[in-house]
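Here is a quick walk through one protein model, written for someone who wants to know what to look at on the screen. Have the sequence and the viewer open side by side.

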Amino acid sequence: MPDLKVTADHLRRDAYLYIRQSTLRQVAENGESTQRQYGLRDRAIAAGCPPNASTLSTAT
């Protein structure tokens, strides 16, 4: 993973991830977009954010 410029100050904060709701058609036609959105949590964890500090938020 490339340098993310994450500091200790960043790691002390909770991570809030916004996952955009998609229609069933969008999910069927753009599966990679859904995977990329949920992959943001994995990226935050890989950067040092504790898993329990990551909050997923979805819009309806």
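## A salt bridge along a helix

Let's start with helix α2, which covers residues 24-29 and holds both Arg-25 and Glu-29. These two sit four residues apart, or about one turn of the helix. Their side chains meet in a salt bridge, with N and O 3.0 Å apart. Are Arg-25 and Glu-29 buried or exposed? Both of them are exposed. Keep in mind that this is a predicted model, so every distance here is computed from predicted coordinates.

Val-27 belongs to helix α2 as well. With a relative accessible area of 39%, Val-27 is partly exposed, because that value falls between the 20% and 50% cut-offs. Leaving aside residues up to four places away in sequence, Val-27 touches Ser-22 and Thr-34.

## A small network around Asp-9

How many salt bridges turn up in a search of the whole structure? The search finds three. Besides the pair in helix α2, there is a salt bridge between the side chains of Asp-9 and Arg-12, at 3.5 Å from N to O. Asp-9 also forms a salt bridge with Arg-13, and here the closest N and O atoms are 2.7 Å apart. Salt bridges with shared partners therefore tie Asp-9, Arg-12 and Arg-13 into one network.

What about exposure in this network? Asp-9 is partly exposed, at 37% relative accessible area. Arg-13 is partly exposed too, at 47%. Arg-12, on the other hand, is exposed, with a value of 63%.

## The largest pocket

Now for the empty space. Rolling a probe the size of a water molecule over the atoms shows where such space is left. The largest pocket in this model holds about 190 Å³.

Which residues line the largest pocket? On the lower-numbered side of the list are Val-6, His-10, Leu-11, Arg-13, Asp-14 and Ala-15, and further along the chain come Ala-44, Ala-47 and Cys-49. Sorted by class, the lining has six nonpolar residues, one polar residue and two charged ones. Arg-13 is worth a second look, since this lining residue is also a salt-bridge partner of Asp-9.

## Strand β1 and a pair across the sequence

Strand β1 runs over residues 15-19 and includes Tyr-16. Is Tyr-16 buried or exposed? At 61% relative accessibility, Tyr-16 counts as exposed, because the cut-off for that label is over 50%.

Tyr-16 and Arg-41 are 25 residues apart along the chain, and 8.9 Å separates their C-alpha atoms. Ala-15, which is part of the residue range of strand β1, is one of the residues lining the largest pocket.

## The whole chain

Stepping back, the protein has three helices and two strands. Read from the N terminus, the elements go α-β-α-α-β.

Of the 60 residues, 15% count as buried. The accessible surface adds up to about 4,800 Å², and carbon and sulfur atoms own 52% of that. As for contacts with a separation of 6 or more, 67% of them are between residues 24 or more positions apart.

Key:
Residues numbered from 1 in each chain as written. Predicted model: local features only at pLDDT ≥ 70, side-chain atom pairs only at ≥ 80, totals over all residues. Heavy atoms only, no water. 1 Å grid on protein atoms, 1.4 Å probe; cavity = no way out; pocket = protein on both sides within 12 Å on 5 of 7 lines; lining within 4 Å. Points joined across faces, edges and corners; volume = space filled by probe spheres on them. Nonpolar A, V, L, I, M, F, W, Y, C, P; charged D, E, K, R; others polar. Salt bridge = Lys/Arg side-chain N within 4 Å of Asp/Glu carboxyl O. Buried < 20%, exposed > 50% of the residue type's maximum accessible area, 1.4 Å probe, protein only. Contact = heavy atoms within 4.5 Å. Areas by Shrake-Rupley, 256 points an atom, 1.4 Å probe, with all protein chains shown as cover.
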